[in-house]
Amino acid sequence: MAHIKKLLDFINQSPTAFHAVASVKKELTDASFTEFSEGDTWRLSKARKGFVTRNSSALIAFAIPEKPIKGFHIFAAHTDSPVFRIKENPELPFEDYIRLNVEKYGGMIVSSWFDRPLSVAGRVLYEDKGKIVEKLVNIDRDLCVIPNVAIHMNSDINNGYKYDIQKDVPPLFARGKKGVYSQLIAKETGIKAEDILGSDLFVYPRQKGFTFGTKNEFAASPRLDDLACVYAGLKGLLDSDSGEYVRVLALFDNEEVGSGTKQGADSTFLEDVLFRIGESLSWSRTEYLKILHESFALSADNAHGVHPAMQNKADPVNRPMLNGGVVLKFNGNQKYATDASSAAFVRALARKNKLKLQDYSNNSNIPGGSTLGNISTAHVSVRTADIGLAQLAMHSACETMGSKDIDDMIKLASAFFSL
Ligand code: CO
């Protein structure tokens, strides 16, 4: 269980997709990766390591080998998690209470957000000497709570309750006069309220990740989906040796809302970066297509472990256990990109490195969710396998996984990148 504490620290430092990218960027910079901008001309050469961000919430890192290049080895994960987004004009006054006007981002388990410490993080854009600049914000203290209604006034709540997001969810934030929110943001950022021109701010759970169980065999934290895979991809890249493939770590935003943004998996981001690497190395179009043909992608997003309270929702046999190893995901409707060919590649890689794998399929009566792999493959059409870490309580404000699986995922990523 070498990595679980470090993973939980990484998640704790990364309350939003913007912060996750900043955390990854710091580790890459410390490991001598150079930052490139999409607005510049890139001059790349053999053995060059770099990264590029888009919208400050997606990041693609690459490491070009010294040896002749066979293809790209791409490890993809997503930086975002379901969260409550703060709307423009964020204050909802009632008497002299002020609640925050929020809406859903992604599909969370709404009840899990009640009666726990929450705060606000994201980014603001402001004008400074005629230029628009961006600043990350994290109000690093317990700032608001969504209080439940007492059972005496909502006596049926334990029989199932349909949450009215607009009415029930706005977090209780202050007592006082309107304007207290913008004053707080101004104080926290050091930017005058009238200079702030735009913001992407979210209410996030303050719960710090922790391990539990008699042998600390479990871990619980917000945002395990999908920051556990982001962390595994990053560590796998940093732990790997240069082989015959361009190592690519692709971290997309907006998976939880369908990936259809300029920084999501359903954008040209990955395709643009791969093209520019090839262009900078003076590949012809044919060489580029030959290299794509030899390429492989691991799409890493967490998987459902079988829940002891809901065993009938899982497939009768393809039902991952926590600490059972990395999960290989299959789906008849191709919501997961794994097929026999890509499964064979992953199984051979795991066998060679003595890593356990387990298989996941949805129960045939349940449609299941989607992920990055099949969306990304539509843009960059390479052999792809969908993998993940088994977890419980997906999209809760505090999710549960096995403490050991993260080590296996890092080893698999590192072995993949070292080929
Ligand atoms: Co996910």
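1. His78 is buried, and so is Asp301. The model is predicted, and the comments below should be read with that in mind. These two residues are a good place to start, since both return at the metal site.

2. What coordinates the cobalt ion? The donors are His78 through NE2, Asp225 through OD, and Asp301, which is listed twice through OD. The distances run from 2.0 to 2.7 Å.

3. Along the chain, the donor residues follow the spacing H-x146-D-x75-D. His78 sits in strand β4, residues 71-78. Asp301 sits in the loop between β14 (296-300) and β15. The pair therefore ties together parts that are 223 residues apart in sequence.

4. Why is the arrangement around the cobalt ion irregular? The four donor atoms subtend angles of 52 to 143°. A tetrahedral label would need all angles between 85 and 135 degrees. Water is not among the atoms, so the site may look incomplete.

5. Next, the open space. The largest pocket holds about 760 Å³. Its lining counts 35 residues. Nearest the pocket centre lie Ala303, His304, Gly305, Tyr360 and Met394. Two elements give two or more residues to this lining: β15 (303-304) and β19 (390-392).

6. How does the lining of the largest pocket divide by class? Twelve residues are nonpolar, 15 are polar and eight are charged.

7. Now the enclosed space. The count comes to one cavity of 30 Å³ or more. The largest cavity has a volume of about 80 Å³. It is lined by 13 residues, and those closest to its centre are Ile74, Ala76, Ala297, Ser376 and Thr384.

8. Which elements give two or more residues to the lining of the largest cavity? They are β4, β14 and α9 (373-379). Strand β4 is also the strand that holds His78. By class, the cavity lining has eight nonpolar and five polar residues, and no charged ones.

9. Last, the cysteines. The structure holds zero disulfides. Cys144 is in no disulfide, and the nearest cysteine sulfur, that of Cys398, is 17 Å away. A disulfide would need the two sulfur atoms within 2.5 Å. Cys398 is likewise in no disulfide, with the sulfur of Cys144 as its nearest, 17 Å away.

10. Are these cysteines buried or exposed? Cys144 is buried, with a relative accessible area of 4%. Cys398 is also buried, at 16%. Both values fall under the 20% cut-off for buried residues.

Note on methods:
Residues numbered from 1 in each chain as written. Predicted model: local features only at pLDDT ≥ 70, side-chain atom pairs only at ≥ 80, totals over all residues. Heavy atoms only, no water. 1 Å grid on protein atoms, 1.4 Å probe; cavity = no way out; pocket = protein on both sides within 12 Å on 5 of 7 lines; lining within 4 Å. Points joined across faces, edges and corners; volume = space filled by probe spheres on them. Helix = DSSP H or I, 4+ residues; strand = E, 2+ residues; numbered from the N terminus. Nonpolar A, V, L, I, M, F, W, Y, C, P; charged D, E, K, R; others polar. Donors = N, O, S within 2.8 Å, 3.2 Å for Na, K, Ca; no water. Tetrahedral: all angles 85-135°; square planar, octahedral: opposite > 155°, others 65-115°. Buried < 20%, exposed > 50% of the residue type's maximum accessible area, 1.4 Å probe, protein only.
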